[in-house]
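Welcome! Here are some exercises to work through with the sequence and the model side by side. Try each task before you read its solution.

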Amino acid sequence: HATPNKLYCYASAGLCLALPDYPINRKILEKYKAGVVFNPDDISDFAKALQTLVDSPEMVKEMRKNSLCLGKMFSFDNEMNHFRSIVAEALSKGEK
């Protein structure tokens, strides 16, 4: 499973994320503490994840802040700058 681009759009908007429990989603949400995961094959687990968010406004507030940071970190501008530095480094090695 790949990371959906929508994840970064939602994070850029400062939304608390509820994502299917795939390894890449779990890794991102555990690292940045920007939301919760749920079993995509179990509707009751999805409902439980959403209820956890409804019942925990302070946690959601913190996750929304973290989500904004995640969105900024992986913004198009930051990703493009990273790409440019990789290309510049590769080109400079090729000149030697």
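A surface patch here is made of residues with over 30% relative accessible area and no salt bridge, and nonpolar side chains are joined into one patch within 5 Å. Keep in mind that this is a predicted model.

**Exercise 1. A patch on the surface**

Task: Find which residues make a nonpolar surface patch of about 280 Å².

Solution:
- Step 1. Look for nonpolar side chains that meet the patch rule: Phe83, Val87 and Leu91 make this patch.
- Step 2. Place one of them in the fold: Phe83 belongs to helix 5, which spans residues 76–94.

**Exercise 2. The largest nonpolar core**

Task: Work out which residues form the largest nonpolar core, and which elements give two or more residues to this core.

Solution:
- Step 1. As background, nonpolar side chains in soluble globular proteins tend to be buried together.
- Step 2. The largest nonpolar core of the model has 9 residues, namely Leu7, Ala11, Leu17, Leu19, Ile28, Leu29, Tyr32, Ala34 and Leu70.
- Step 3. Two or more of these residues come from each of helix 1 (5–12), strand 1 (17–20) and helix 2 (23–32).
- Step 4. With 3 residues, helix 2 gives the most to this core.
- Step 5. Now zoom in on Leu17. Leaving aside neighbours within four places in sequence, Leu17 is in contact with Leu7, Tyr10, Ala11, Leu29, Ala34, Gly35, Val36, Ser67 and Leu70.
- Step 6. There is also a second, separate core of 7 residues, and among them are Cys16, Val36, Phe38 and Met63.

**Exercise 3. The two sides of helix 2**

Task: Say which residues of helix 2 are buried, and which exposed residues sit on the face turned away from them.

Solution:
- Step 1. A residue counts as buried under 20% relative accessible area and as exposed over 50%.
- Step 2. In helix 2, the buried residues are Asn25, Ile28, Leu29 and Tyr32.
- Step 3. These residues lie on the same side of helix 2, because they cover an arc of only 90 degrees around the axis.
- Step 4. On the face turned away from the buried side you will find the exposed residues Pro23, Lys27 and Lys31.
- Step 5. Next, ask what lies over the buried residues: the cover includes helix 1, strand 1, strand 2 (35–38) and helix 4 (57–73).
- Step 6. Check Asn25 by its number: its relative accessibility is 2%, so Asn25 counts as buried.
- Step 7. Leaving aside neighbours within four places in sequence, Asn25 is in contact with Pro4, Leu7, Leu19, Pro20 and Val37.
- Step 8. Finally, look just past the helix: Lys33 follows helix 2 and has a positive phi, near 50 degrees.

**Exercise 4. Pairs of opposite charge**

Task: Find how many salt bridges the model has, and describe the pair Glu62 and Lys65.

Solution:
- Step 1. Recall that side chains of opposite charge can pair when their charged atoms come close.
- Step 2. The cut-off is a side-chain nitrogen of Lys or Arg within 4 Å of a carboxyl oxygen of Asp or Glu. The count comes to 4 salt bridges.
- Step 3. Glu62 and Lys65 form one, with their closest N and O atoms 4.0 Å apart. They are 3 residues apart in helix 4, so about one helical turn separates them.
- Step 4. Both partners have values between the two cut-offs: Glu62 is partly exposed at 42%, and Lys65 is partly exposed at 46%.
- Step 5. In helix 5, Lys93 and Glu89 are 4 residues apart, and therefore separated by about one helical turn. The closest N and O atoms of this salt bridge are 3.3 Å apart. Lys93 counts as exposed at 55% relative accessibility, whereas Glu89 is partly exposed at 45%.
- Step 6. Asp21 and Arg26 meet through their side chains at 2.7 Å, N to O. Salt bridges link Asp21, Arg26 and Glu30 in a network.

**Exercise 5. Far in sequence, how far in space?**

Task: Find how far apart in space the C-alpha atoms of Ser75 and Tyr8 are, then do the same for Asp41 and Pro20.

Solution:
- Step 1. Ser75 lies in the loop between helix 4 and helix 5, and is partly exposed at 23% relative accessibility.
- Step 2. Ser75 and Tyr8 are 67 residues apart in sequence, and their C-alpha atoms are 7.5 Å apart.
- Step 3. Asp41 sits in the loop between strand 2 and helix 3 (43–54), and is exposed, with a relative accessible area of 74%.
- Step 4. Asp41 and Pro20 are 21 residues apart along the chain, with 8.9 Å between their C-alpha atoms.

Technical notes:
Residues are numbered from 1 along each chain as its sequence is written. This is a predicted model: local features need pLDDT of at least 70, side-chain atom pairs count only at pLDDT 80 or more; totals for chains, interfaces and linings use all residues. Side-chain values use heavy atoms; hydrogens and water are left out. Patches are made of residues with over 30% relative accessible area and no salt bridge: like charges are joined within 9 Å, nonpolar side chains (Val, Leu, Ile, Met, Phe, Trp, Tyr) within 5 Å. Accessible areas come from the Shrake-Rupley method with a 1.4 Å probe; for residues, only the protein chains shown count as cover. A nonpolar core is a set of buried Ala, Val, Leu, Ile, Met, Phe, Trp, Tyr and Cys residues joined through side-chain atoms within 4.5 Å. Buried means under 20% relative accessible area, exposed over 50%, partly exposed in between (1.4 Å probe, protein chains only). Contact means heavy atoms within 4.5 Å. The arc is that of the directions from the helix axis to the C-beta atoms.
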